[in-house]
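User: I'm new to reading protein structures, and I don't really know where to look. Could you take me through one, feature by feature?

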Amino acid sequence: MEKLKIILHSTITKVISSVLIISFCISIYFCFDWYKEVFTGIVERTKGYWWVYQGDKALKKQDLQGAVECYSIGIKHYPEHYRALYNLANIYVFYEDYHAALINYERALMIKPDFDLARIDYAIILSQVYMNDEAIDQYKKVLNQKRRFIKIPLLVDSKKAHKYNRGVAYYNMAGAYKTKSLIAGNTKEDAREYLQEAAKNYEKAADILKTYNANYNLALIHQLLKNYNQSAQYYCKAIEIAPMEYEAHFNYAVLLNDIKDYQGAQEEFQKAG
């Protein structure tokens, strides 16, 4: 009885295997083009990964031209490799080829719209070529992005990274508004409105990032708006974060002089060196 079970089990296994093999062969016969396309895609993607890996190695060695060549070949084989497109865009920024950089940032974002770093860098270059309204739109997309967060202790905390990216977006959006205020021309009301928008965004950036630059720029904007109390508050915060930065001491001294605190102004001028 036991022997019969073994023979029966072996026979069934062989029959099932044969059916599967025959079915696979039939599917190849009738769907040969599909299998060919899938196999070709795997081969091309593998080639793409290999060239991108070579590009990463070249970039690590600061061989920028070699990295451009490798990334370009990798993207030809695997056009959806958004990180290769992002790295390529960053290299073009270094070469100050902003047109090529913008094209590659756009391609990366078409593939992965929630790629915050790429969108922020894309917006920074838009501002660099005086497309401030377009840059502001991109920063707002980062800030309005809804996402799910992943946290693996000691390894990954996507919520923390996203919060930092929001801070950077606020900071750079404030810079775009500040630039708009400078080129507002003869419309003082528009210039003031842009400065107020800059102040709002620098304040949000300072709250998240808690950096010298965010607090210093916020103080400077309030000084331009003649909001002297707020300006003094943020100059003090900036100085507390980075006591050796002379710009904060100097501009704080100018502010104190404007409000006729001449002794305080003299002390800050001395600290500014």
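Analyst: Sure! Let's begin with one side chain: Trp-50 has a relative accessibility of 46%, so it counts as partly exposed, the class between under 20% (buried) and over 50% (exposed). Its sequence neighbour Trp-51 is partly exposed too, with 26%. Keep in mind that this is a predicted model.

User: How many aromatic pairs are there, and what do Trp-50 and Trp-51 look like as a pair?

Analyst: Here's the general idea first. You describe two aromatic rings by how far apart their centres are and by the angle between their planes. In this structure there are twelve aromatic pairs. Trp-50 and Trp-51 make an edge-to-face one, with 5.0 Å between centres and planes at 90 degrees. Now try Tyr-86 and Tyr-105: their centres are 6.1 Å apart and their planes meet at 50 degrees, so this pair is tilted. Tyr-86 sits in helix H4 and Tyr-105 in helix H5, so the pair ties together parts 19 residues apart in sequence.

User: Are Tyr-86 and Tyr-105 buried or exposed? And which residues form a cluster with them?

Analyst: Both Tyr-86 and Tyr-105 are buried. They belong to one aromatic cluster along with Tyr-82, Phe-115 and Tyr-122.

User: Let's zoom out. How many helices and strands does the protein have, and what share of its residues is buried?

Analyst: You'll find 13 helices and two strands. Of the 273 residues, 37% are buried.

User: How should I read one helix, say H10? How far does H10 reach, and how many of its residues are buried?

Analyst: Look at the span, then at the surroundings. H10 runs over residues 212-224 and reaches 18 Å from first C-alpha to last, close to the 18 Å expected at 1.5 Å a residue. Ten of its 13 residues are buried, so H10 is largely enclosed by the rest of the structure. Helices H8, H9, H11 and H12 are among what covers those buried residues. Just past H10 comes Lys-226, which has a positive phi near 65 degrees.

User: Can we pick one residue from H10? What does His-222 touch?

Analyst: His-222 is in helix H10 and is buried, at 9% relative accessible area. Leaving out residues up to four places away in sequence, His-222 touches Ala-199, Asn-227, Gln-230, Ser-231 and Tyr-234.

User: What about charged side chains? How many salt bridges are there?

Analyst: The idea is simple: side chains of opposite charge can pair when their charged atoms come close. This structure holds four salt bridges. One of them joins Lys-112 and Asp-114, at 3.2 Å from N to O. Another links Glu-197 with Lys-200 at 3.5 Å. Those two residues are three apart in helix H9, which means about one helical turn separates them.

User: Where does the Lys-271 and Glu-268 bridge sit, and is each partner buried or exposed?

Analyst: Lys-271 and Glu-268 also meet at 3.5 Å. They lie in helix H13, three residues apart, so about one helical turn separates them. Lys-271 has 52% relative accessibility, so it counts as exposed, whereas Glu-268, at 7%, counts as buried.

User: And on the outside, which residues make a nonpolar surface patch?

Analyst: Tyr-246, Phe-250 and Phe-269 make one, covering about 310 Å². Phe-250 is in helix H12 and is partly exposed at 40% relative accessibility.

Terms used
Residues are numbered from 1 along each chain as its sequence is written. This is a predicted model: local features need pLDDT of at least 70, side-chain atom pairs count only at pLDDT 80 or more; totals for chains, interfaces and linings use all residues. Side-chain values use heavy atoms; hydrogens and water are left out. Helices (H or I, at least four residues) and strands (E, at least two) are DSSP runs, numbered from the N terminus. Buried means under 20% relative accessible area, exposed over 50%, partly exposed in between (1.4 Å probe, protein chains only). Rings of Phe, Tyr and Trp (its six-membered ring) pair if their centres lie within 6.5 Å; planes under 30 degrees apart count as stacked, over 60 as edge-to-face and the rest as tilted. Patches are made of residues with over 30% relative accessible area and no salt bridge: like charges are joined within 9 Å, nonpolar side chains (Val, Leu, Ile, Met, Phe, Trp, Tyr) within 5 Å. Accessible areas come from the Shrake-Rupley method with a 1.4 Å probe; for residues, only the protein chains shown count as cover. The expected span of a helix is 1.5 Å times one less than its number of residues. Contact means heavy atoms within 4.5 Å.
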